[in-house]
Amino acid sequence: MDIRVDGKVALVTGASRGIGEATAAELLASGAAGVTITSRKEPNIAEAASRLNDDRVLPLAARADSEADAESAVAATVERFGRLDILVNNAGTNPAAGNLADVDLGAVGKTWEVNQLGPLLWARAAWRHSMAANGGAIVNVASVGGMRVGPVIGAYNVSKAALIHMTYHLANEMAPAVRVNAVAPSVVRTRLSAALWQGIEEHTAKSHPLQRIGEPEDVARAIVFLASDAASWITGVVLPVDGGVTGAAASPGLGG
Ligand SMILES: NC(=O)c1ccc[n+]([C@@H]2O[C@H](COP(=O)([O-])OP(=O)(O)OC[C@H]3O[C@@H](n4cnc5c(N)ncnc54)[C@H](OP(=O)(O)O)[C@@H]3O)[C@@H](O)[C@H]2O)c1
């Protein structure tokens with residue numbers, strides 16, 4: 001079955017590279033009528049827009065942890081394309097490496113604001129500006145680290161666990177108008193997770209039953225499926241996109 005999003009309008013946060021940019025490309029290839037892409041830095045998002053090279057793309061600089069930026073980006077999307085059908089809460093950060101007992105609290109706060117509060121701000125803006133009246137689908141990008149304990153990235157994993165639980169809450173509160181789901185990737189070849197694969201890729205790949213790390217497109221395809229009408233009876237689920245690690249025997253050390 002061909003997964004299509006023909007005529008739908010989407011917004012992807014954190015789309016200047018990695019999983020977000022791949023998701024924007026996949027949405028365009030699957031027939032989206034318009035795709036707003038956002039990230040913090042204007043030059044980065046402008047470069048992504050020129051790589052995507054499609055007049056259905058609206059690039060905007062917007063911080064994931066800013067209510068004002070979420071409101072104005074969603075409003076600009078509705079103004080340009082008429083509505084918002086799909087929100088992909090993809091932006092994420094991981095500046096807080098270390099054990100929770102002594103990791104820098106400023107970094108913990110930033111991680112939780114971007115990864116945990118941010119998706120709520122964008123979901124609320126999408127709900128108010130379009131989805132409460134017109135319906136829609138939200139996909140949150142969580143992590144396998146949100147489902148189990150891993151070393152060094154506790155603050156990040158806690159934020160992803162919260163995002164997973166928020167997915168369940170929003171799915172209940174926004175039904176039946178809006179479906180809310182999440183994907184939980186393992187290690188994917190992006191800048192964010194470079195410490196988990198760069199120079200050690202063979203080792204990391206072997207920890208996955210499918211014997212490779214993920215590519216941004218692996219996650220993008222799962223996101224587009226959950227956002228599409230092919231998933232019209234699916235809400236409040238977390239789909240691992242993880243080369244099999246969630247179902248495998250314990251393999252400590254994997255996060256992402
Ligand atoms: N890669 C993995 O192994 C992996 C595994 C599990 C989950 N994930 C999740 O996947 C999502 C995408 O990450 P990625 O791996 O694709 O990383 P990435 O390649 O580093 O991309 C991160 C994106 O988020 C943007 N961003 C960062 N902080 C932001 C902020 N405060 N406000 C707005 N945009 C911000 C970045 O753009 P600017 O720098 O231009 O702002 C960039 O576009 C994240 O939620 C991450 O936690 C990744």
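User: What makes the pair of a polar side-chain atom of S16 and an oxygen atom of the ligand a polar contact?

Analyst: Happy to explain! A polar contact is a pair of N or O atoms within 3.5 Å, and a polar side-chain atom of S16 lies 2.7 Å from an oxygen atom of the ligand, so the pair qualifies. This is a predicted model, in which local features need pLDDT of at least 70 and side-chain atom pairs count only at pLDDT 80 or more, while totals for chains, interfaces and linings use all residues. Residues are numbered from 1 along each chain as its sequence is written, and side-chain values use heavy atoms, without hydrogens and water.

User: Which polar side-chain atom lies 2.8 Å from an oxygen atom of the ligand?

Analyst: That one belongs to S39. A polar backbone atom of G14 is 3.1 Å from a ligand oxygen.

User: How do you know which residues surround the ligand?

Analyst: A residue is near a molecule if one of its heavy atoms lies within 4 Å of it. By that rule 31 residues surround the ligand, with S16, R40, N90, Y156 and T190 the closest.

User: Why is the ligand said to sit in the largest pocket?

Analyst: A molecule sits in a pocket if more than half of its atoms lie within 2 Å of the pocket's grid points, and the ligand is placed in the largest pocket on that basis. A pocket is an open set of points on a 1 Å grid over the protein atoms alone, where a 1.4 Å probe fits, with protein on both sides within 12 Å along at least five of seven lines; lining residues have an atom within 4 Å of a point. The largest pocket is lined by 37 residues, including R17 and L192.

Key
A polar contact is a pair of N or O atoms within 3.5 Å; within protein, one must be able to donate a hydrogen and the other to accept it, and residues adjacent in sequence count only if both atoms are side-chain atoms.
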